[in-house]
Every structure is written in structure tokens, then in C-alpha cells.
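Here are a few short exercises to work through with the model open beside you. Try each task before reading its solution.

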Amino acid sequence: MDIIETVFVRNNLIVAFAAIGLVMWVSYFFANKLTAGRIHGSAIAIALGLLAAYWGGITTGGTRGVSDFALLGGIGLMGGGMMRDFAIVATAFGVKFSELKKAGLAGAVSIFAGVIVSFVVGAAVAVMFGYTDPASITTIGAGAVTYIVGPVTGEAIGASDAVITLSVAAGLVKSILVMIGTPLVAKSIGLDNPQSAMVFGGLMGTTSGVAAGLAATDPKLVPYGAMTATFYTGVGCLLGPSVLYFIVSAIF
Amino acid sequence: MIVYGVALLSLCLIAGMLAGETLGVFMGVQANVGGVGIAMLLLVFASNTDRFKTLTEGAAGTGIQFWSAMYIPIVVAMAARQNVAAAADGGLLALVAGVAAVVVSFALVPVLSRIGKNTDAAGGEN
């Protein structure tokens, strides 16, 4: 046992490559055999990943899903922000300037529309649940933007720790739902071309959610959605503790 | 050389991240503003420019394509390290807020895509 643990922990990134490779193989096998290709193999793989993350979270009590198991620690590195951003940028290889220009305006509009709409929805839900102070309402609204905007806003305007935690949870629910839901609704919302993918990225904004949701829908759309999504959190952090907080304060 | 493409990709990401951090400081925001998006623009620019041909064609190009192909496995690893337990523990408020935000945003995708096309068409007519 000791020998296995030593080797696995010392080579944790390599273990992660092997483990994820196995998950991909199993997922594509099931996608082709059981669903005859109707469900994308990567959608199944992402769902399995989320299930494993839940299991890891309740078993270890940690915050980093399955990577809190020492033997699978490398998954934390492989799926961390550094590798994710590196691979996202690589998907832009081969993208044409003309496609970006076509959707440039709609993409930019969608970023602001997305932040404001998610904020208003989140703030309305907070009011529905009985919150009356502007700091809490703003922080929960910001959490519905992304799980990064929530705590950044909450800390800036002095919301309570409990509310900040809630805002992170709301953002996580959003991110996970985008991962799972995107391939299911893609057809009905017209998500099948670079332009709508850019609008989609700007509206959803959660980089992880958009990255995984588009990967499971059509990998060719990934660079377009990711491009606008990466501006979203920055815009959210800009508007949350400032304009949006002032507006909420003026109303409540 | 494969590493030329990998190095170009790395330089794009570093330059984009630096620009994103600078934008964040400039805007007074505690976040990286569009670093990855800027990096992607740099790579699109490089792969559409003749001057960078030696870094994007042949073996060098396969160095970039490799990481592009590793994207989905990396996203699966990313899913496996999310704090799903905390999302499930957030209670009804977090669930309702998250779900409602996603549903409304999904519904807006066709609306905004259309606005983009309408202004496009109007611009063409003028």
C-alpha cells in the first residue's frame, strides 16, 4: 500500500492524465453504445467528473472535489485555473478574425446584459427570501453573477460571512447547471454558430460553466464562447460593489 | 520544433494575463479583466499573420493543436475538482438564485443573437 501511495502521490499529474483518460474512454464507450451518440461523450465525462467531485467533497470534507484524495491530487493541478486557461487559449488557434468581428457588438452587449440580468434575478430571489439590507441583497445578486463576483462584492461592501458563503453557493449552482444544461437546451436557444456562442459566453459568464457546457455541445464553438466569458467576471467585479450596490441602496 | 508553438501559446497567455491584471488595477477591480480573452486575440492575430508562420505552421502548429485537443480532458478534470458539495449544501436560496439566473440567461441567448443580426442587417442596408 505504502509503495502505491508513494508512487501515486509523487507522480500525481501523471496519475491524473491516466485517470481522466480512463474516464473519457468509459464515457465515450457509453455514449456510443448506450445512447447511439445522442448524448455527447464529453457531456457524460463532465457529469461523471461532477459526481466524483460531489463524492470527494462529502467524503473528505474538502473544497476541491475529488482532488482532495491524496492519490488523485494531480486532478487539482490538471483541472486548475492555469491548465484550463492554457487549453482555452489554445482553442483559439485557427479562429478567423472575421467571425469575431461579426459578433463583436452583440458579444459586448451580452456581457453587460448578462451581468445585470443575473444580478437582478439573484437580488430578487434574496428579497423573496426575506433579506432587506442592501449589502446582503447586493452580495447574493453578485453571487448569481459568478462565484467570484459574489465574495469580491461582499467583502468590498461589508456583507456578513454567512451571506458571502451563500453567494458562492449560488454561483456554484449556476456554474454546474450551465455545464449540465447547455447541451440539453443548445438546440432550442439556437446555439449552433460562432455568433450565438459569443452571445452565450457573454450572457452566462461563468468560465468553467461555459467551457464545459460548450465542450459538451460542440467543441468548435468553445473559443467564441470562452472569449466573451472571460470578460464577464471582470465586468461583474467592476459593477457589483459600485453601480449595482448604489442602485440597490437607493431602493432599500 | 513543437516547442516553438507551445512557447508562442505560453507567451500569448502570459501577455494576456499581464494585460488583464493591468486592466483590473486600472479599473480598480480585484480581478483579471479578460486576460484569457486578450490572450486568445493575440493567438488569433499570430496565427493569421505571415510573420509568425514559423511559430504556427508544421510541427510548431501541432504543439498548439495538442493543447487545444487536451481541452476537453482538462475540463473534465476541472469538473472533478469543483466544490459540488458546497453547492448542494447552499440550501434553497442558493439553488433558486443559481437556477433562476441560468434559466433567464438561457432565454436571452436567442434574443441577443437576433439583436446582433438585426443591427448587422440594418448596417448592410445603410
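Helices here are DSSP runs of H or I with at least four residues, strands are runs of E with at least two, and both are numbered from the N terminus. Keep in mind that this is a predicted model.

**Exercise 1. Describe the fold of chain A.**

Task: work out which elements chain A contains, and why it can be called as compact as a globular protein of its length.

Solution:
- Step 1: count the elements. Chain A has 13 helices and 0 strands, so reading from the N terminus gives α-α-α-α-α-α-α-α-α-α-α-α-α.
- Step 2: compare sizes. For 252 residues the globule rule gives 18 Å, and the radius of gyration of chain A, 20 Å, is close to that, so chain A is as compact as a globular protein of that length.
- Step 3: add the dimensions. The C-alpha trace of chain A spans about 60 × 45 × 30 Å along its principal axes.
- Step 4: look inside. Of the 252 residues in chain A, 60% are buried. Taking contacts between residues at least 6 apart in sequence, 65% join residues at least 24 apart.

**Exercise 2. Split chain A into domains.**

Task: find where the domains of chain A lie and how many residues of each are in contact with the other.

Solution:
- Step 1: the assignment places domain 1 of chain A at 2-79 and domain 2 at 97-251.
- Step 2: the centres of these two domains of chain A, over C-alpha atoms, are 27 Å apart.
- Step 3: domain 1 of chain A brings 6 residues into contact with 7 residues of domain 2. On the domain 1 side, 4 of these are nonpolar and 2 polar, with no charged residues.

**Exercise 3. Characterise the contact between the chains.**

Task: say which helix of chain A gives the largest share of the side that touches chain B.

Solution:
- Step 1: chain A contributes 92 residues and chain B 66 residues to the contact.
- Step 2: helix α10 (residues 161-185) of chain A supplies the largest share of its side, with 13 residues.
- Step 3: sorted by class, that side of chain A holds 65 nonpolar, 23 polar and 4 charged residues.
- Step 4: for the complex, the predictor gives an ipTM of 0.85 and a pTM of 0.79.

**Exercise 4. Judge chain B.**

Task: decide whether helix α5 of chain B is largely enclosed or not, and where pLDDT stays under 50.

Solution:
- Step 1: 10 of the 10 residues of helix α5 (residues 71-80) of chain B are buried, so this helix is largely enclosed by the rest of the structure. Among them are B:Tyr71, B:Pro73 and B:Met78.
- Step 2: chain B has an average pLDDT of 83, and 89% of its residues score at least 70.
- Step 3: over residues 119-126 of chain B, pLDDT stays under 50, and the model has 1 contact beyond four places in sequence for them. Where pLDDT is low, predicted coordinates should not be read in detail.

Note on methods
Residues are numbered from 1 along each chain as its sequence is written. Chains are lettered from A and ligands numbered from 1 in the order in which they are written. This is a predicted model: local features need pLDDT of at least 70, side-chain atom pairs count only at pLDDT 80 or more; totals for chains, interfaces and linings use all residues. Two residues are in contact if their C-beta atoms, placed from the backbone, lie within 7 Å. Ala, Val, Leu, Ile, Met, Phe, Trp, Tyr, Cys and Pro count as nonpolar, Asp, Glu, Lys and Arg as charged, and the others, Gly among them, as polar. Domain bounds come from an automatic or database domain assignment. A residue is buried if 20 or more other C-beta atoms lie within 10 Å of its own, exposed if 12 or fewer, and partly exposed in between; C-beta atoms are placed from the backbone. pLDDT is the predictor's confidence in each residue, from 0 to 100. The radius of gyration is taken over C-alpha atoms; the globule rule is 2.2 Å times the number of residues to the power 0.38.
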